[in-house]
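Open the model in your viewer and keep the sequence panel visible. The stops below say what to select and what is found there.

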Amino acid sequence: MHDALPLPDVAILVMGLTGAGKSTFISRLTQEAVEIGHSLESCTTEVYGHIFHRANGQRVFLIDTPGFDDTHNDNVKVLQKIATFLCTIYDSRCLSLAGLIYLQRITDTRMSGSSLTSLRIFEKLCGQRNFANTMIVTTMWGLLQTKEARTNGLERYNTLMSTPEYFGSLVAGGARMTRHKDTFESALEVVEYVAERNQDVVLDIQREIMNRGTLAETTVGQFLSGEFQRTRAKYHRDLEELEEALEEARQEQDDDLITTISEQKREYEEKIRFSEMEQNNLAITYQQMTQDQSEIYAQRYEEESTRGMEVEEKSKREIELEEQLERTEMEHIREMNILRREKMSQEEVPEEHTRRYKEIKRRVLDQLAREKAEREKKGSKRFKALTNREGFIGIMRAALNTRRGDPFPEDTEYGPTRRSSKSGLSRGGMDALFRRDSEKDRPFSHHMYTRDHESMYTDAPLITMGPQRAATFATYPSTPSPPVEHGSTSMYGKITYALTTEPIGPQRNPYGKKHTELQRGYDDQQ
Ligand SMILES: Nc1nc2c(ncn2[C@@H]2O[C@H](COP(=O)(O)OP(=O)(O)O)[C@@H](O)[C@H]2O)c(=O)[nH]1
Ligand SMILES: [Mg+2]
């Protein structure tokens, strides 16, 4: 009976500096060009989940992320995008994180400033207790072509692994390090290892942003704030020196020097302003981040749906042509029969008639062939548009939709809610689940399963559950499970709920009832 439960989708976060080989790694595995036909302008500027089907049928979303890079100075924006993704999946429980992959080029002869910043950001975002869920993957071994280069590469590999400032801390915390051979098999090995461990990772940033509200207040946010302040302090020191030099130049009345120094001063002042602006961007709340993103995903989803429909209209035209062909043939046979019945000799069957028939048939067949070719050209797109409903954009859109509005309202028709990191599904998420089922106008129950307690169900309303109640359910006697109508799974710590519309047990539709009634309904059952 547990077979009815499909293996839940999981996500693996892939991070690393720009150019570390993240997109390439993912495309080795999914064997598709990673800049594929979805409407994202570029995979390296957006977070995007590429689907990989494991041999056991489970879907793994490999989450390609934009890299942190000092040269572009938009680390805050990148962090916002990654944080939005992470917090959305955590809050809506639409995907759980099975683990993390961090990519590093072995060809880099030294760890640059941006390499170190990127690595520190990764560490802070994860939190120490997730180091063991990380796979560090070194890339570009193929570029080391001489024996000497390879020896040096291996030496660097060991240094990276043993130096605390580099990957040493991660490795000491239980991270594994490996060499990627830039093949499907090599990528598969890494991903299978992570997927098989299936750790249900909750990162520090996911937990923190729910508790603390803004990105600035998270560990990684504080780290970046510190970096901004350090950089600005340096700029201010440089400015003071420039100020002194300017004073000297003024005394010496050296106009050229005055101009040069003044320009430099303006440059530094500009840098300071920019750094302040960037740091201010960290003050964004989870709610603000998701609001922007949910609009983006809604738009992308629309675009993809429209494209899917266009292709379907084309095949309607094909059907029309096929019908026309059939009609022409029928017509021809009918006319032939009439002629025969009128006892005209075969020789006398007007050649004109047959010729006309053949001509029409050829014309329709030509058109049909063109339509088919056209459709085949677009065929893969149509497939994508349709699967995307179940794909990354569809899932994110649905998850973000449940995020609209205040995820932690003080008061709802179900009663007061408390803002708590342990509160499980947000109110918005619950509302969305309930509304979905009330639309179907069927009594429904909740099917619930956990990692430890494989399967059990109850029709007691999910909405009344607090952490303790969920724990009670987890020990509730198990009952044969109905087929799960999938689509809404949500996780609550270790506990995963799946919603089913199969009527089981005492039936009621609690949607719209008051919190207290639901509570009583559940308590009566006990
Ligand atoms: N030789 C070699 N080149 C690679 C490897 N991985 C990535 N590249 C190349 O490195 C460049 C950057 O890779 P990309 O996947 O776009 O990096 P991303 O920014 O981390 O997504 C591309 O030109 C890739 O073709 C690898 O394992 N070996
Ligand atoms: Mg990329």
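Select Q253, in the loop between helix 8 (219-251) and helix 9 (255-281). The model is a predicted one, and in it Q253 has a positive phi of about 55 degrees although it is not a glycine. Most residues other than glycine have a negative phi. Is Q253 buried or exposed? Its relative accessibility is 64%, so Q253 counts as exposed, the cut-off for that class being over 50%.

Next, go to D182, in the loop between strand 6 and helix 6. D182 is also a residue other than glycine with a positive phi, here near 60 degrees. With 38% relative accessibility, D182 is classed as partly exposed.

Now zoom out and colour by secondary structure. The protein has 15 helices and 12 strands. Of its 526 residues, 48% are buried. Taking contacts between residues at least 6 apart in sequence, 74% join residues at least 24 apart.

**The sheet**

Select the strands in the order 2-3-1-4-5-6: these 6 strands form an open sheet with mixed pairing. Which strands stand at the edges? They are strand 2 (48-53) and strand 6 (176-179); each has a single partner strand, so one side of each is left without a neighbour in the sheet. Direction ignored, neighbouring strands of this sheet are turned by 25 degrees against each other on average.

Helix 1 packs on this sheet and touches strand 1, strand 2, strand 3 (59-64), strand 4 and strand 5. The direction of helix 1 makes about 160 degrees with that of strand 3. Helix 3 packs on the sheet as well, touching strand 1, strand 4 and strand 5, and its direction makes about 165 degrees with that of strand 4.

**Strand 4 and its partners**

Select residues 96-105, which make up strand 4. Of these 10 residues, 9 are buried, so strand 4 is largely enclosed by the rest of the structure. On one pairing, strand 1 (residues 10-16) runs parallel to strand 4 over 7 bridges. To check the register, show V10, which stands opposite S96 of strand 4, and A11, which stands opposite L97 of strand 4.

Then add strand 5 (residues 134-139), which runs parallel to strand 4 and is joined to it by 6 bridges. Here the bridge partner of Q104 is T138 in strand 5. Follow the chain from strand 4 through helix 3 (residues 113-126) to strand 5: this β-α-β crossover is right-handed.

**Helix 1 and K22**

Select residues 22-30, helix 1, where K22 lies. Helix 1 has 7 of its 9 residues buried, so it is largely enclosed by the rest of the structure. The buried residues are K22, S23, F25, I26, S27, L29 and T30. Which elements are included in the cover over them? Among them are strand 1, strand 2, strand 3, strand 4, strand 5 and helix 6 (184-197). Just after helix 1, look at Q31, which takes a positive phi of about 55 degrees.

Return to K22 and show its side chain. K22 is a lysine with a relative accessibility of 6%, so it counts as buried. What does K22 contact, leaving aside neighbours within four places in sequence? The residues are V14, M15, G16, L17, D64, T65, G67 and L103. Two distances can be checked on its side chain: a polar atom lies 2.8 Å from the backbone oxygen of G16, and the side chain reaches the backbone oxygen of L17 at 2.8 Å. Now add Y102, which is 80 residues from K22 along the chain, with 8.6 Å between their C-alpha atoms.

**Helix 4 against helix 5**

For the last stop, select helix 4 (residues 147-162) and helix 5 (residues 164-172). Their axes are 5 Å apart, and the helices pack at an angle of about 65 degrees. Show the side chains at the contact:

- From helix 4: T159, L160, M161 and S162.
- From helix 5: P164, Y166, F167, G168 and V171.

Coloured by class, this contact has 6 nonpolar, 3 polar and no charged residues.

Terms used:
Residues are numbered from 1 along each chain as its sequence is written. Chains are lettered from A and ligands numbered from 1 in the order in which they are written. This is a predicted model: local features need pLDDT of at least 70, side-chain atom pairs count only at pLDDT 80 or more; totals for chains, interfaces and linings use all residues. Side-chain values use heavy atoms; hydrogens and water are left out. Buried means under 20% relative accessible area, exposed over 50%, partly exposed in between (1.4 Å probe, protein chains only). Helices (H or I, at least four residues) and strands (E, at least two) are DSSP runs, numbered from the N terminus. Two strands pair if DSSP finds at least two bridges between them. A crossover is right-handed if, with the strands pointing away from the viewer, the path from the first strand over the helix to the second runs clockwise. Axes are lines fitted to C-alpha atoms, for helices over the stretch in contact, and angles run from 0 to 180 degrees between N-to-C directions. Contact means heavy atoms within 4.5 Å. Ala, Val, Leu, Ile, Met, Phe, Trp, Tyr, Cys and Pro count as nonpolar, Asp, Glu, Lys and Arg as charged, and the others, Gly among them, as polar. A polar contact is a pair of N or O atoms within 3.5 Å; within protein, one must be able to donate a hydrogen and the other to accept it, and residues adjacent in sequence count only if both atoms are side-chain atoms.
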